[in-house]
Amino acid sequence: MPNHSSNLDPDGKASSDLARPNDVMPSRLFLLPTSVRPLFPGQIIPVILPQGEWSETIKAIRSDGHDVLGVVYTGKKEVEDLSWEDLNRMGTACRLHKIQQNEEQIHLVISAEKRFRIIDWVAKQVPFNAQVHYYSEQGQTGTPEVKGYITAIINTIKELLPLNPLYGEELKIFLQNFQPDNPFRLADFAASLTTADADELQQVLETVDINNRLGKALVLLKKELEVSKAQMDIRKHVESEMQSRQRDVFLREQLKFIQQELGINKDDRTAEIEKFNARLEDLVVPDGAQSHIEEEMQKLSILEVGSPEYTVTRNYLDWLTVLPWNKFTEDKLDLEHAEQVLDHDHEGLREVKERIIEFLAVGKLKGEVAGSILLFVGPPGVGKTSLGRSIARALDRRFYRLSLGGMRDEAEIKGHRRTYIGAMPGKFIQAIKETDSANPVVMLDEIDKIGASFRGDPASALLEVLDPEQNSDFLDHYLDVRFDLSKVLFIATANQLDTIPGPLLDRMEVIPLSGYMINEKIEIAQKHLLPRLLQKAGLTANQFSINAEAISAVIEHYAREAGVRKLEKFLGKIVRKAVMKIIKHDEQSVEVKAENLVNYLGARVFHEEKRIGGVGTVTGLAWTPLGGATLSIEATRVHNFSRGFKLTGQLGNVMKESADLAYSYALANAGKFGINPEFFERATIHLHVPAGATPKDGPSAGITMVSALLSLAKHKSIQPLAMTGEITLTGQVLRVGGIKEKILAARRAGIDDIVLPEDNRGDYLELSEDVMSGLNVYFVSHYDEVFAFAFTDKDMPVLLAS
């Protein structure tokens with residue numbers, strides 16, 4: 001027979017009262033864990049447990065015959081990963097009333113009866129079984145202290161009832177089963193009514209003394225009252241806000257209806273259509289576009305305002321009606337004004353300015369500036385983009401800059417199809433909208449850096465835009481109607497021509513921009529860069545000064561480039577350090593001279609270019625994207641054991657071929673130049689182009705390489721000069737590019753004697769007087785002429801000295 005226990009007082013003595021059948025509890029209980037919150041006597045609740053190991057516990061409870069189990073709080077630990085040590089020693093004995101099971105869970109309905117404490121463990125594995133001691137709920141219940149607690153708890157519950165209707169339902173259930181003056185049940189009911197932390201509730205469960213238990217329950221109930229009041233205040237505030245907004249919406253709808261009835265206001269659809277029609281009144285829209293707009297207007301008038309199609313159609317009509325159809329700004333074709341603008345904004349660039357004025361003169365004669373696409377090609381920082389702004393200012397046109405660098409999506413040019421979410425017109429239609437003019441100046445920056453990807457080829461899409469024969473009927477994918485771009489003046493910029501596709505390059509008129517002379521850079525610094533930098537730094541001309549000699553030193557030793565971008569950076573560094581001096585040392589003004597320049601910029605970046613002389617060494621001239629540079633080419637004999645030819649200096653394929661040509665020409669014509677052919681037959685020759693970390697390529701070092709090889713073979717150094725020109729197997733000297741940049745590089749290196757191909761004589765004569773001043777330039781068409789001058793002391797018959 002199962003073991004049973006009668007009611008025991010806290011000291012373990014038998015009670016004198018007779019035990020009712022339901023009061024008889026077994027002395028050993030099977031235990032079920034709960035991780036949610038502890039149970040209090042008097043509660044009837046459902047419990048859900050996972051199938052598996054707990055199904056064995058339920059079977060053991062049913063087989064025991066009395067359907068009584070112990071429910072123990074486990075803390076934060078989940079019931080699936082429990083050991084007997086995780087169970088609290090104090091729990092609640094419950095009667096099992098109902099069981100339902102499915103494949104995953106067990107559903108129980110239990111009623112909590114009595115507190116118990118675990119005395120000893122019968123089974124420490126699932127199903128847990130323990131010997132327990134029960135606590136009877138008897139004691140001094142009529143003391144003034146207990147009555148005071150009962151009154152306080154009942155009053156607090158009365159305050160809670162209006163705050164949450166759920167409290168009233170639970171109170172009804174409590175009053176149906178217990179008397180409100182029972183302090184034991186009232187304390188447990190008050191604690192269970194709260195949303196307190198489970199550990200705090202466990203402390204109430206473990207409190208046997210009725211006075212202490214009532215006190216703890218009252219504290220939790222007071223906390224619950226404060227929380228409920230705060231929740232009620234928040235709820236009232238939110239409801240008030242919602243009611244206020246609903247009231248505003250209701251009144252606005254009423255007002256809108258009244259205004260519509262009186263004809264004062266229209267609905268959204270009517271207002272949108274009237275706005276679009278108002279825009280079209282001042283525009284001359286082509287017939288094709290006009291009919292398209294009318295069709296879309298008709299569609300908009302029958303669509304529901306909240307439908308997605310309505311939004312798409314409204315946005316589309318917004319674009320169609322906001323474009324400046326046949327809306328042009330009047331050109332200011334005043335050549336004198338244009339020259340003043342160009343001279344004011346830019347120093348030097350005489351050839352470029354002349355070409356721009358010629359372009360504008362043609363436009364003045366025709367009555368319009370259109371039909372040509374200009375392409376400014378030159379190193380960074382020479383003023384390509386700012387020239388475009390100056391042209392727009394000279395013509396009094398609106399200006400829009402579009403950067404093409406890194407563009408890989410064709411839709412950037414021709415727009416997206418309207419079927420896509422977030423579709424937009426291409427950049428050119430956006431430029432037209434932003435400038436509100438059908439004839440702006442559009443600057444296409446970095447056109448040499450445009451790319452291609454799986455989204456299309458933007459360079460090919462540009463063909464339609466930049467072709468005067470096609471762009472009068474430009475079709476943007478989003479607009480789906482023709483727009484005339486023929487009146488737009490397109491100006492493109494690039495650092496080099498090699499990466500621009502041929503068909504695209506054919507549509508543009510190339511205007512090269514070379515680097516600035518030192519005196520031009522000084523003028524730019526004094527007139528443009530320094531005033532802008534001083535304004536940014538908050539300095540006045542009285543607080544900061546730098547003389548021309550110091551600016552020249554900055555150019556020579558720190559910012560040796562074709563443009564003025566680095567020059568501006570170094571001048572900005574000087575200005576910032578001057579500001580620090582004024583603030584820290586309380587100086588009234590700062591004067592920068594060439595002598596104290598190192599205090600502002602540190603050690604020199606560039607030193608004086610010295611020509612490397614000696615046997616087998618010749619100075620060449622090269623063009624780079626940053627301007628011109630001198631290039632020393634060295635040749636030496638490694639050994640005489642076998643014939644060989646070695647190249648170093650990170651040379652490109654074209655330059656390697658040029659070196660092979662030079663070696664073949666020198667070997668084939670050794671006798672003509674007074675060299676024993678056996679020198680090349682036996683020797684391994686090493687030809688090196690210094691600055692090995694810098695990639696080099698191009699054919700213009702051909703005659704320089706031949707001269708280095710012949711100097712080595714004759715064991716004779718050449719005269720101090722620099723040369724450039726492509727060589728052929730028959731000794732012909734061919735034309736090369738970048739003449740101005742190379743001449744400037746020679747001047748920086750202090751070289752006055754220069755050898756150029758005869759075919760470049762015209763390029764040289766186009767240079768300004770200040771570039772040619774003091775130079776002796778020798779034009780050659782065959783290498784024999786180069787040899788005659790380089791290896792003899794007599795003057796060449798073909799000589800142009802300026």
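1. Two strands are taken to pair if DSSP finds at least two bridges between them. Helices (H or I, at least four residues) and strands (E, at least two) are DSSP runs, numbered from the N terminus. The model under review is predicted: local features need pLDDT of at least 70, side-chain atom pairs count only at pLDDT 80 or more, and totals for chains, interfaces and linings use all residues. Residues are numbered from 1 along each chain as its sequence is written, and side-chain values use heavy atoms, with hydrogens and water left out.

2. Strand β14 (residues 489-494) is joined on parallel terms to two other strands. Four bridges link it to strand β9 (residues 374-377), and the two run parallel; within this pairing, F376 stands opposite T493. Another four bridges link β14 to strand β11 (residues 441-445), again in parallel, with L489 as the bridge partner of V441.

3. Six of the six residues of β14 are buried, so the strand is largely enclosed by the rest of the structure. Here, buried means under 20% relative accessible area, exposed means over 50%, and partly exposed lies in between (1.4 Å probe, protein chains only). L489, I491 and T493 point one way from β14, while F490, A492 and A494 point the other way.

4. Strand β5 (residues 68-73) is likewise largely enclosed by the rest of the structure, because six of its six residues are buried. V68, G70 and V72 point one way, and L69, V71 and Y73 the other way. Four bridges join β5 to strand β3 (residues 28-34) in parallel, with G70 as the partner of L31. Four bridges also join β5 to strand β6 (residues 90-101), but this pair runs antiparallel; V71 stands opposite T92 there.

5. T207 is placed in the loop between α5 (198-206) and α6. The residue is buried, with a relative accessible area of 9%. The C-alpha atoms of T207 and M90 are separated by 9.8 Å, although the two residues are 117 residues apart along the chain.

6. The aromatic pairs number 16. The rule pairs rings of Phe, Tyr and Trp (its six-membered ring) if their centres lie within 6.5 Å; planes under 30 degrees apart count as stacked, over 60 as edge-to-face and the rest as tilted. Y665 and Y783 form an edge-to-face pair, at 5.9 Å centre to centre and 80° between the planes. Y665 lies in helix α21 (residues 653-668) and Y783 in helix α27 (residues 783-790), so the pair ties together parts that are 118 residues apart in sequence. Y665 is buried at 1% relative accessible area, and Y783 is buried at 0%. Both belong to one aromatic cluster with F673, F787 and F791.

7. Two lysines place their charge over a tryptophan ring. The criterion is NZ of Lys or CZ of Arg within 6 Å of the ring centre and within 35 degrees of the ring normal. The charged end of K124 sits over W84, 4.0 Å from the ring centre, and that of K433 over W319, 4.2 Å from the ring centre.

8. The structure holds 28 salt bridges, each defined as a side-chain nitrogen of Lys or Arg within 4 Å of a carboxyl oxygen of Asp or Glu. In one of them, K229 meets E159, with the closest N and O atoms 3.9 Å apart. K229 lies in helix α6 and E159 in helix α2 (residues 144-160), so this contact ties together parts that are 70 residues apart in sequence. K229 is partly exposed at 35% relative accessible area, as is E159 at 37%.

9. Helix α6 also contributes K223, which forms a salt bridge with E200 (3.5 Å, N to O). That pair links α6 to helix α5, 23 residues apart. K223 is partly exposed at 44% relative accessibility, and E200 is partly exposed at 28%.

10. A further salt bridge joins K427 and E412 (3.9 Å, N to O). K427 lies in helix α14 and E412 in helix α13 (residues 411-414), so the pair ties together parts that are 15 residues apart in sequence. The buried residues of α14 (residues 427-435) are F428, I429, Q430, A431, I432 and T435. Just after this helix, D436 takes a positive phi of about 55°.
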